[in-house]
Amino acid sequence: MRKTTKLTSALCLSLAISATSARAGSEDFIFGLGAGIIGSAIVNGAKKNNANQAQPAQRKATRKRSNYSAETQDVQARLNMLGFDAGTPDGVSGRRTRNAIRQFQISIGAPASGKLNNSQIAKLYELTSPQQAAPAAPVAATVPAPVVNTVVVPVATAAPAQGGSLAPTPVASAVPTPGLPTRLVNITVPAAASNVTNNTQIIAVTANAPAKNETKVAATSSKRMALDPANLPAIHGLTVERFEHDVKGLLEKVGYKDCVVEETKTVCLLEKDSLTETVSVLTQDEKIYGLQREVSFKNPAPRAAIMGKLLEAYPVLSHYENMTASGDKTCRITYLNNSGELLKEALAKPAQPEALRQLSDNCTDYHSLEVFGEDTVSGLRLVFYSSQPIKDAIENRKGVFQISSKSAQDLTF
């Protein structure tokens, strides 16, 4: 019995030693058939889980790279400059960026859509770019009247309580003085944190006593601004309503070639590595009444860069709604976002009096900057027009409206 026990112990020890020495060679052999299968399943499962965890992150990174936009990155940086938290400027628009855009839109009195339009982008650039000399605002004298002062009231944000959320500190409303006019003023404070969205206080502001010899400065909103007739938008130095006898020479000086000149129309082309351009100039009695510049980019350009250039070149016109100015309401509505149709007939028939008469009757004046593309820009169209040169030619019987007596001379009875 004692020998049998020793033999069994020796056999077990031998198997244990064999298993230990085999562990260095083959996992399947160590664990046996059942243990080997289980172990392999565990190892393979771990590898598969690691791969599955890596794939979403990889897909997310790929998706972020594909959604990257230089314009979005620039907009994010500018929103942060104004205190609207758009997060890290990574060029990818998300919920945080859209919320910052909404806060910015609220601050300028625009609908909080979360998506910037042309005029709002221009406003964002204006507020975050070095200040330029602004055109003088028209000042109109008024009869002495009570003056309503706009009061800037700082609104502080209270520190969050333990476990609580940020909340605006209550602002005491001014007590209206009997007999003096009051109005409501929206005071918007950019949120310091992305979670704070309701940061607008409405308070009553009471007017001071009537002041004498006061002047009222006209509002500078896009709806009330007027283009300065002495400083109209130009294309390479050319403006409407101005006399110009050598349009071709001026355009060739700035690099345009292949100019085709007719009696009342000049069309010049410009070819570069990144773009192609066409400038068309229409005249009557050598006074310009129509300018059209069309630009086509061979590779899409970042919208932010294009808007920055337009804002610099046309600081007044860029701030109009849809970057379009016209004293003729019907004309503005008809050709809004369709500016290429305005001069189409005149370009096709520049010497036909009836076509010009109809153009003059249909539209008094029109200045527009049209950008094609949302995130990136594929092209531009600039259209500047004034009917005054046509009307002058009609009145003075000049240009295509000149009446010849040759027909009467050739007629015999």
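**Exercise 1. How many bridges join S9 to strand S10, and which way do the two run?**

Before we start: this is a predicted model.

Step 1. Find strand S10 at residues 287–302; 10 bridges join S9 to it, and the two strands run antiparallel.

Step 2. Pick one pair to look at. Glu277 has Val295 in S10 as its bridge partner.

Step 3. Now check the turn. S9 and S10 make a hairpin with 2 residues between them, and Asp285 in that turn has a positive phi of about 55 degrees.

**Exercise 2. Work out what sits on the other side of S9, and whether S9 is mostly covered or not.**

Step 1. Go to strand S8, residues 265–271. It's joined to S9 by 7 bridges, and again the strands run antiparallel.

Step 2. Take Lys265 as your example: its bridge partner in S9 is Leu282.

Step 3. Look at the link. S8 and S9 are connected by a hairpin through 3 residues.

Step 4. Finish with burial. S9 covers residues 275–284, and 8 of its 10 residues are buried, so it is mostly covered if you take buried as under 20% relative accessible area.

**Exercise 3. Put the strands of the open sheet in order and find its edges.**

Step 1. Read across the sheet. The order is S7-S8-S9-S10-S13-S12-S11, which gives an open sheet of 7 strands with antiparallel pairing.

Step 2. Spot the ends. Strand S7 (257–261) and strand S11 (324–325) each have a single partner strand, so one side of each has no neighbour in the sheet.

Step 3. Zoom in on the S11 end. S11 pairs with strand S12 (residues 365–372) in the antiparallel sense over 2 bridges, and Ala325 stands opposite His367 in S12.

Step 4. Add the helices. Helix H7 (residues 303–313) packs on the sheet and touches S10, S12 and strand S13 (376–386). Helix H11 (residues 388–396) packs on the sheet too, touching S9, S10 and S13. The direction of H7 makes about 155 degrees with that of S10, and the figure for H11 and S10 is also about 155 degrees.

**Exercise 4. Describe the surroundings of Arg357 and Gly399.**

Step 1. Place Arg357: look in helix H10, residues 353–362. Its relative accessibility is 29%, so Arg357 counts as partly exposed.

Step 2. List its contacts. Beyond its neighbours within four places in sequence, Arg357 is in contact with Ile394, Arg397 and Phe401.

Step 3. Place Gly399: that one is in the loop between H11 and helix H12 (406–410). With a relative accessibility of 36%, Gly399 counts as partly exposed.

Step 4. Check who Gly399 meets. Setting aside neighbours within four places in sequence, Gly399 is in contact with Gln284 and Asp285. Glu286 is 113 residues from Gly399 in sequence, yet their C-alpha atoms are 8.2 Å apart in space.

**Exercise 5. Which element gives the largest share of the lining of the second largest pocket?**

Step 1. Get the volume: about 570 Å³ of space lies in this second largest pocket.

Step 2. Find its middle. It is lined by 28 residues, and Glu71, Lys115, Leu116, Ile121 and Glu374 are the closest to its centre.

Step 3. Compare the suppliers. Helix H3 (70–81), helix H4 (95–107), helix H5 (118–128) and S12 each provide at least two lining residues. S12 gives the largest share, 4 residues.

Step 4. Sort the lining by character: 7 nonpolar, 14 polar and 7 charged residues.

Methods. Residues numbered from 1 in each chain as written. Predicted model: local features only at pLDDT ≥ 70, side-chain atom pairs only at ≥ 80, totals over all residues. Heavy atoms only, no water. Buried < 20%, exposed > 50% of the residue type's maximum accessible area, 1.4 Å probe, protein only. Pairing = 2+ DSSP bridges. Contact = heavy atoms within 4.5 Å. Axes fitted to C-alpha atoms, helices over the stretch in contact; angles between N-to-C directions. 1 Å grid on protein atoms, 1.4 Å probe; cavity = no way out; pocket = protein on both sides within 12 Å on 5 of 7 lines; lining within 4 Å. Points joined across faces, edges and corners; volume = space filled by probe spheres on them. Nonpolar A, V, L, I, M, F, W, Y, C, P; charged D, E, K, R; others polar.
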